[in-house]
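Colleague: I've got the sequence and the model open side by side. Mind if I fire some questions at you?

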Amino acid sequence: MTILAIETSCDDTCISILKAKSAKFKILSNIISSQVKLHAKYGGVYPFLAKREHQRNLPTVLKKALKEAGSIDLIGVTVGPGLDPCLWQGVNFAKDLAAKLNLKIIPVNHIEAHILANWLSPIRSNPQTLFPAICLVVSGGHTQLILMKDIGKYKLIGETRDDAAGECFDKVAKILGLGYPGGPAIDKEAEKNRETRERRHPKFKIKLPRPMIYQKNYDFSFSGLKTAVLYDFKNRPQKIRKSKQYIQEMSAEVQQAIIDVLIKKTIKAAKKFKAKSIILGGGVVASQELRKQFKFEIPLLVPPRKLCTDNAAMVAVTAYFRW
Ligand code: KG4
Ligand code: ZN
């Protein structure tokens, strides 16, 4: 069967067409129209502007996506969580299309889609041997640890009490003047720092907290981390704040602080719940450094980098399983 899926929960207008045959998938098209440039000047996503852009982009994105496909059998659409005006734009577009083509709509949860993005690539082990799994979903809006007993069976075991990890990256990048979205920008600066670490000794010896890392629960908190960056930044002379080395060292340290907490708590949950696998998803998982450092004795599922950030292929695969 062929599934068309729509994703407009934040600032990317995405439509994908996925061919599915007994839980094997082929992505026929995966179109993403990014609004990054538009929102960059606000340093974050401005919901009503995003909604208007979705409205403007959807017909063009649909046309591009359909180029690769024949007939469609089913429509999937993200219904939440996300920015309300943006979600509605996608849902109404899906409704119109479903009426025109006389097709059924499957509502999709964005978080589940980030998890099931892993099923878009062939899964090497027998899927049943993966469960129970511990899923870590880290995006701009969410940081959650989820116990997954099967596809469709989830239990939230911990989440952030304030900012999401991606949001922390975005806010720190704004403080450092690195622009939006912050995750990839911090990733790049941190990488430069690593490349030169052997040659240059760290000058600023920045040490940030690892919030809640030793607490007995599976929750997170990242807003204090952002505040710690802000204090350090404000206490530096103007010249230092703008220096390449300070920005790179701070980027590496904030990235490491986030990675330390994410890995430590996920592994703790995996041990406690006797997980047979760890499943990662969400925009922050596109971080090269997080991917490199995440090692544990059970199988680890990580989507290709392109399928970590928002896309509609993950929505299509989720619609398939829901159907
Ligand atoms: O899943 P996603 O595309 O959208 C939401 O559902 O929010 O995640 C976006 C988040 C942003 O906060 C962005 O800064 C972060 O993912 N991100 C990264 C990287 N690429 C995107 N964070 C760290 N390293 C990256 N390479
Ligand atoms: Zn997302």
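Colleague: Let's start with the loops. Where is Met212 found?

Modeller: Keep in mind that this is a predicted model. Met212 belongs to the stretch that runs between helix 6 and helix 7 (223–234). So, going by where the helices are, its place is the loop between helix 6 and helix 7.

Colleague: What is phi of Met212 near?

Modeller: Most residues other than glycine have a negative phi. Met212 isn't a glycine, yet its phi is positive. The value is near 60 degrees.

Colleague: Which peptide bonds are cis, then?

Modeller: Most peptide bonds are trans. Here, one cis bond runs from Tyr180 to Pro181, with omega near -5 degrees, and Pro181 is in the loop between helix 5 and helix 6. Pro81, for its part, is in the loop between strand 4 (74–80) and helix 3 (84–101). With omega about -10 degrees, a cis bond also joins Gly80 and Pro81.

Colleague: On to the metal. Which residues coordinate the zinc ion (ligand 2)?

Modeller: The donors sit at 2.0 to 2.1 Å from the zinc ion. In sequence they follow the spacing H-x3-H-x195-D. Distant parts of the chain are linked this way: His114 is in helix 4 and Asp310 in the loop between strand 10 (300–301) and helix 11 (313–322), 196 residues apart. The coordinating residues are His110 (NE2), His114 (NE2) and Asp310 (OD).

Colleague: And ligand 1: which side chain has an N or O atom 2.7 Å from one of its oxygen atoms?

Modeller: Two backbone contacts can be set aside: a polar backbone atom of Gly166 is 3.1 Å from an oxygen of ligand 1, and one of Asp310 is 2.9 Å from an oxygen of the ligand. The side-chain contact at 2.7 Å belongs to Asp170.

Colleague: How much of the accessible area of ligand 1 does the protein cover?

Modeller: Ligand 1 sits in the largest pocket. On its own, the ligand has 560 Å² of accessible area. The protein covers 90% of that.

Colleague: Which helix gives the most to the shell around ligand 1?

Modeller: The shell has 5 nonpolar, 11 polar and 3 charged residues. Helix 4 (110–116), helix 5 (165–176) and helix 6 (182–197) each supply at least two residues. With 4 residues, the top contributor is helix 6.

Colleague: Last one: which of the 19 residues around ligand 1 come nearest?

Modeller: We've already met two of them, Asp170 with its side-chain contact and Asp310 with its backbone contact. The full set that comes nearest is Gly140, Asp170, Gly183, Asp187 and Asp310.

Terms used: Residues numbered from 1 in each chain as written. Chains lettered and ligands numbered in written order. Predicted model: local features only at pLDDT ≥ 70, side-chain atom pairs only at ≥ 80, totals over all residues. Heavy atoms only, no water. Near = heavy atom within 4 Å. Polar contact = N/O pair within 3.5 Å; in protein donor to acceptor, adjacent residues only side chain to side chain. Areas by Shrake-Rupley, 256 points an atom, 1.4 Å probe, with all protein chains shown as cover. 1 Å grid on protein atoms, 1.4 Å probe; cavity = no way out; pocket = protein on both sides within 12 Å on 5 of 7 lines; lining within 4 Å. Sits in = over half its atoms within 2 Å of the grid points. Nonpolar A, V, L, I, M, F, W, Y, C, P; charged D, E, K, R; others polar. Donors = N, O, S within 2.8 Å, 3.2 Å for Na, K, Ca; no water.
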